[in-house]
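Q: I would like to learn how to read a few features of a structure, starting with strand pairing. Could we take them one at a time?

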Amino acid sequence: MEYLHTMVRVTDLDASLRFYCDLLGLKEVSRKESEKGRFTLVFLAAPEDIAKAGAQEGDDAARFNVPMVELTYNWDPEEYTGGRNFGHLAFRVDDIYAACQRLMDGGVTINRPPRDGYMAFVRSPDNISVELLQKGGAREPQEPWASMPNTGAW
């Protein structure tokens, strides 16, 4: 058995791509549009996963067994409720503080700040919970993160 991807439904493809690619740092590895099915699928992967697999940006990441996030955008509006989503996505980051600052500067609320120097949670434009974990273990707690309260739910 091989892990392939996790699918999340999105209601605004541009806002989602800004969040996942511009702010979080994933790379688009493939896209499929279906006129007949009235949907767009966009597959994203972490740059380090692409590199570890020996692939290059633009390669068919599935062929290289790169774990991916599939954004599914249905062209006809549909409301997605709790039964059609799941717990969270998780990504390991080089610098938890820099990642959270980049997201916050981009207008993303840090729901669970990295007070411990190790873990944070944010939400995508479609309210998907995203966990960020510090690579290599916890960093020394730093302000403003160490005293920042939780905001909302994650």
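**Strands, a buried serine and a pocket**

A: In β7, Phe 121 is the bridge partner of Arg 112. The model is a predicted one.

Q: In which sense do strands β6 and β7 pair, and over how many bridges?

A: A general idea for reading strands is that, in a regular strand, the side chains alternate between the two faces of the sheet. Here β6 (residues 110-112) and β7 (residues 119-123) pair in the antiparallel sense over 2 bridges. The hairpin of β6 and β7 has 6 residues between the strands, and in it Gly 117 takes a positive phi near 75°.

Q: What is the bridge partner of Phe 121 in β8?

A: In β8, Phe 121 has Glu 131 as its bridge partner. Strand β8 covers residues 129-134 and pairs with β7 in the antiparallel sense, over 5 bridges. Phe 121 is thus bridged to Arg 112 and to Glu 131. The hairpin of β7 and β8 has 5 residues between the strands, and Asn 127 in that hairpin takes a positive phi near 70°.

Q: Now a single residue: is Ser 16 buried or exposed?

A: The cut-off needed is that buried means under 20% relative accessible area. Ser 16 has a relative accessible area of 0%, so Ser 16 is buried. Its place is in helix α1 (residues 13-23).

Q: Which residues does Ser 16 touch, not counting those up to four places away in sequence?

A: With those neighbours left out, Ser 16 touches Val 10, Leu 71, Pro 125 and Asp 126. Take Leu 71 as an example: Ser 16 and Leu 71 are 55 residues apart in sequence, yet 8.2 Å apart in space, C-alpha to C-alpha. With Asp 126, the side chain of Ser 16 makes a polar contact to the side chain, at 3.1 Å.

Q: How is empty space found, and what is the volume of the largest pocket?

A: Rolling a probe the size of a water molecule over the atoms shows where empty space is left. In this model the largest pocket has a volume of about 720 Å³. Its lining counts 28 residues, and Ala 46, Asp 49, Phe 91, Arg 92 and Val 93 lie nearest its centre. Two or more lining residues come from each of β3 (39-45), α2 (47-52), β4 (68-74), β5 (88-93) and α3 (96-105).

Q: Which element gives the most to that lining, and how do the lining residues divide by character?

A: β5 gives the most, with 6 residues. The lining of the largest pocket divides into 17 nonpolar, 3 polar and 8 charged residues.

How values were computed. Residues numbered from 1 in each chain as written. Predicted model: local features only at pLDDT ≥ 70, side-chain atom pairs only at ≥ 80, totals over all residues. Heavy atoms only, no water. 1 Å grid on protein atoms, 1.4 Å probe; cavity = no way out; pocket = protein on both sides within 12 Å on 5 of 7 lines; lining within 4 Å. Points joined across faces, edges and corners; volume = space filled by probe spheres on them. Helix = DSSP H or I, 4+ residues; strand = E, 2+ residues; numbered from the N terminus. Nonpolar A, V, L, I, M, F, W, Y, C, P; charged D, E, K, R; others polar. Buried < 20%, exposed > 50% of the residue type's maximum accessible area, 1.4 Å probe, protein only. Contact = heavy atoms within 4.5 Å. Polar contact = N/O pair within 3.5 Å; in protein donor to acceptor, adjacent residues only side chain to side chain. Pairing = 2+ DSSP bridges.
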